[in-house]
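Trainee: I should like to learn how to read the features of a structure that I have not met before. May we go through them one at a time?

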Amino acid sequence: MNLVRNPVALYGGILAASIAAPLVFPDYTFQFSVLWVMILFALTWDMLGGQMGYNSLGNIFFFGAGMYLCAIIQIGLYYDVAEYTAASGEIKVDITPPQYFLGLFLGIVAAALANAVFAAIFGWVVFGLRGPYFAIGTLGVALAAGELTGAWQYVGGGGGISLPVYPGEPDERSLFFYALCFLMAVVTFFTLRKVYSGRFGLAINAIRDDEAKAEGMGIHTNRYKTVGWAISAFFLGISGALFGNMIGFIEPLEVAFPTVTFGIFMVVMCLLGGKGTLWGPVVGATLFHAFKEVTWTYMLGWQWVALGALIIILVVFFQQGIVGWMQEKWPEMFGIVVDDKLAASGPELDDRPRRSEAAQ
Amino acid sequence: MSIHSKFVGAFAFGVAAAGLIFAAPAGAKVEGDEIVLGSAISFTGKYSANGINAKNGYNLGAKRINEMGGVKVGGKAYKLKIVYYDDESTPLRTAQLAERLINQDGVKYMLGPYSSATTKAIAPITEKYKIPMVEAEGAARSLFTQGYKYMFCVISTSEQYLTSAIALAAEMAEKSGRKPSDLKVAMAFENDPFSLDVRAGVVDDTKKFNMKVVIDDKLPRDLSDMAATLTKVKATKPDILLVSGHEKGAATAARQIKELKIDVPMIAITHCEAAKLIDKFGPAANGILCPTQWAETLSYKDKYFGTAMDYDKTFKATFEGYKNVPYQSAQATAAVLVWKDAFERAQSFDIEKVRDALAATDMQTFYGAIKFAKEGNNIAKPMVLRQIQDGKLNVVAPSKWASHKLEWPRKAMY
Amino acid sequence: MKIRRLRLRAEAVPHSKDHCGDIETGNHGMLDNIGLLIQAPLLNVQLLLDGIFVGAIFALAAYGLALVWGVMNVKNLAQGDFVITGGYLAWWLSQPRHVEIGIPGTEITLIDWVTPVIHPILSMPLVIVVMFGFGWLVYVAVIRRVIGKDLFTSLLATFGLALVMAQLLNLMFGPEVQVAESGFEIHSLGGLVTVATIKFVSLCLAAVLAAIVVVFMKYSRMGQAIRATAQDPRAAKVMGVDTDRVYAFTFSLNSAICGAAGVLISMIWVIQPFFGIAHSIRSFVIVTAAGLGNLPGVIMAGLGLGVAEFYAGFTFGAELQQFTVVGMLVAVLVWRQIQYSRHRQAVQ
């Protein structure tokens, strides 16, 4: 596994920067919150895609499910959801601060737990597929969820749901959600770090490298796959709940299940940063977010073309991503021992996913 | 520890770079002698046609006000300037752009986006930051039941769009000796807040007359094909067909009604003008009823543009390619007029004072009377119903404003 | 369940006790729709015909995908975007366009030309040639580099390609839905069923195109080379086949097939820059259901998908039509999985 030697300085530096950022640049607090959400996206995707070799194009499903579930609970605790979302929308909502926070808290908890369960269910359905089939299958599930939710009148269908308003000043609100997003990203990071450094990490890497042999060795691959996905889903659900509250209005296809945008961003961020590494997704997410905002501001109209081109270039030329590239150049820094005899026979290092036979 | 410093360096650089990169020039609410209004609106995507119509309306309003001496506050004259971002017809993007306009660009006065869906997305944000917004393109009733205090809407709400069509149908039924409750109603609506709201209004009205709803369909999301619904129409032979799907839905409906040679005594479609039905489908579009927020033949007038007809001429002279001026443009212009009026009554740029001035608006414009209810919607202006008759749009209802008689039943020429 | 009404209008709002202010279409509508189908059997004919006409084009595009998949093991997620591109070419040529190319910054115009109007059907050969060339370009630029790599790479690369193509189309032609007018008549059978002549023509053209490709693959030298490479690339290389050329040709052929399919789609259905992904998914569904190398299977699956879509749109409502496509994808994959699991294999 790829462990950066544990530097207090590094973590301390990031902590300081993260606390300072919204205070020094208060106008960009929302952008920073989105940045943390992106980092969480990348980290959770990498669990499956990078570490386990199961490239999912449908992780966004958990994001949207968490978002909707949280909204249903936040509203449903105090009012009837169907009435609230009825097109005439004639219920006047009046939620007190304690009610709001209780609803938010319960909503987040529910989103997290329910998504873990969803992951288990879908895993059972979808883990028999491999490689591209798995990718397309998950893509299909995410698209289908978006479409179905758009037809589900209980949650407002295509009209979406307006979420209860945060009781308090807008500055407070921005900081509040920033703090939550930051917290969740950090918790995710450390959870994954813990998980990767143990037996679990070795098992899922084994699945990535050669699943048949792993099964043959006695690893219950299905269990590991399901647990891995459940962990990802857990955090994704929470991020969905937070994001929904940050935006204030959720809509099935563009906000909750943006498969072709956020869903693909997850993949691109990990590719950019380095699949299968711990810091790779973090670096990738940060750079990607910056890239996206630059192109959106200055290349309006061409931003999607730039994004597509970025994907192609990354996939074709720079598969190992930034951290992967760094690992190649300075393997000692990462605690990787390079056996000179092996190194002489080929340039491949052992901790990047091995390519399956081209003939497959 | 070089790798660590590399990391810290990399990360800090990332954050700093991001911060610097985002540093677009921050415009204050009032720059020099310019008042900056902000708008996130659809230049691309499925709402782009009307998004651009609205933008043209906003620009014409600002241009005319600036030509006539600008906004006079505190003895000084200020020009209006409007800053736009493209929200690609996606509500999420509209919300994000609103955050950007308010936080990063420092905009304090907003103009609305196009469509109820995007307005619904942006309203919580302007409300959260207490930024007043005058919107002219979001008609869904649900916008006005959340208790928003900073949103003002110059247009009539959506449930009124097709009401007069149903009432007319009932009237025609009685004239021909049938009971209104014998009438069969077919409807197809887009799955978005606006159309669903129009539908809710229609459903209420049909219940009022006890009419029977035989078809109640949703249009596909891309609004490109309603053949299934029209096939059902052929099978069930309803007396009224109602369609609402913004301009694209209207274009699809008219096209397929012509292709499938649909014959229904009364057809009402929203957003006809923006869909350029007369241009594209000629005599095949005859007899279609089109609800409109504004018509150039109505007898409104004001000191900025003169009569509605004068506005129509000015607009066509300023922007190429318009055979009919869509009401979306007229109401956008009206929104800008409302801002000017509010600034001058408040005689201040303080947000709360301006907000209160907006709430107290009571003015006549070429677009119609504007007076806001406590909830924020305009209660002083009616919707009118026009019919395509011989290639022209004529007002046929309500009777107070009608200039022509309704042609019924519809004689289509395919 | 009383709903409080706020006074939004100047006049009084009548208080009605209806809590069903919004009729849930749900089951209520579905049963009604099924009832309609039973009452008016001709409606079934309509849906069947419409489904078959469109399904034939789906099958054509799917055949191209199967070709690329079988020969190069590239799962082309941009398939649908190639189709839409072909459609846009045909649409663009079907109306006079004023093309002005000049030197920017000066007043000199090099080309000032109004394109002739080419009927979409007649433009098909031109579109095929242009798309073939375009496919070759794409192969050289992108695909060649992802062939040897792992399978997710090709998927993601083609996805990036799909994104770029869709956005370029959007920038060039705008986001509106377009149809290439063919000017053919529409016949009405029995008052309920309308059949546009163009749909028949399109069906015939699709069949002819498929036949041409099949004959080509069977009897021409390049076709044989392609099949040889598909069977065993190394052996083919040893036997002197230039596999790179074969791959380029295959991909370009696929692009041309998609282009032709696009021309047909633009005439009998609609095109829009962002419809590509839906067409890609349809092709995937068909190929997955039918399996590679199974042409009759592809045809049946294509027709079946078309009919299923139209029936679903009619019965469940248009808002669920997109869901049907995706739902079928998931269903087909799950079914395949169940099939394979009996042999203790995974769907690779």
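**Reading a predicted model**

Mentor: Let us begin with a single residue in this predicted model. Leaving aside residues up to four places away in sequence, B:Thr206 touches B:Ile166, B:Val185, B:Met211 and B:Val213.

Trainee: In which element is B:Thr206 found?

Mentor: B:Thr206 belongs to helix H6 of chain B, which covers residues 193-209.

Trainee: Is B:Thr206 buried or exposed?

Mentor: A residue is called buried when its relative accessible area is under 20%. The relative accessible area of B:Thr206 is 2%, so this residue is buried. The same reasoning applies to two cysteines. B:Cys153 has 0% relative accessibility and therefore counts as buried. C:Cys258 is also at 0%, so C:Cys258 counts as buried.

Trainee: How many disulfides are there over all chains?

Mentor: A disulfide is a covalent bond between the sulfur atoms of two cysteines. Here the count over all chains is one disulfide. It is formed by B:Cys272 and B:Cys290, whose sulfur atoms are 2.1 Å apart.

Trainee: Which parts of chain B does this pair tie together?

Mentor: B:Cys272 is in the loop between strand E11 (266-269) and helix H9 (277-281) of chain B, while B:Cys290 is in strand E12 (residues 289-292), so the pair links parts 18 residues apart in sequence. Both B:Cys272 and B:Cys290 are buried.

Trainee: Why is the disulfide of B:Cys272 and B:Cys290 described as left-handed?

Mentor: The reason lies in the torsion about the S-S bond, which is about -95°; the disulfide is therefore left-handed.

Trainee: Let us turn to the interface. What is the area buried between chain A and chain C?

Mentor: The size of an interface is often given as the accessible area lost when the parts come together. Between chain A and chain C, about 4600 Å² is buried, and carbon and sulfur atoms give 73% of that area. In terms of contacts, 52 residues of chain A meet 45 residues of chain C.

Trainee: Which elements of chain A give two or more residues to the side that touches chain C?

Mentor: They are helix H5 (97-126), helix H6 (131-151), helix H12 (259-273) and helix H14 (303-317) of chain A. The largest share, twelve residues, comes from H6(A). By class, this side of chain A has 33 nonpolar, eleven polar and eight charged residues.

Trainee: How many salt bridges and polar contacts are counted between chain A and chain C?

Mentor: The count of salt bridges between chain A and chain C is zero. Two residue pairs are in polar contact between these chains, both at pLDDT 80 or more.

Key:
Residues numbered from 1 in each chain as written. Chains lettered and ligands numbered in written order. Predicted model: local features only at pLDDT ≥ 70, side-chain atom pairs only at ≥ 80, totals over all residues. Heavy atoms only, no water. Contact = heavy atoms within 4.5 Å. Buried area = accessible area lost by both parts, 1.4 Å probe. Salt bridge = Lys/Arg side-chain N within 4 Å of Asp/Glu carboxyl O. Polar contact = N/O pair within 3.5 Å; in protein donor to acceptor, adjacent residues only side chain to side chain. Helix = DSSP H or I, 4+ residues; strand = E, 2+ residues; numbered from the N terminus. Nonpolar A, V, L, I, M, F, W, Y, C, P; charged D, E, K, R; others polar. Disulfide = S-S within 2.5 Å. Buried < 20%, exposed > 50% of the residue type's maximum accessible area, 1.4 Å probe, protein only.
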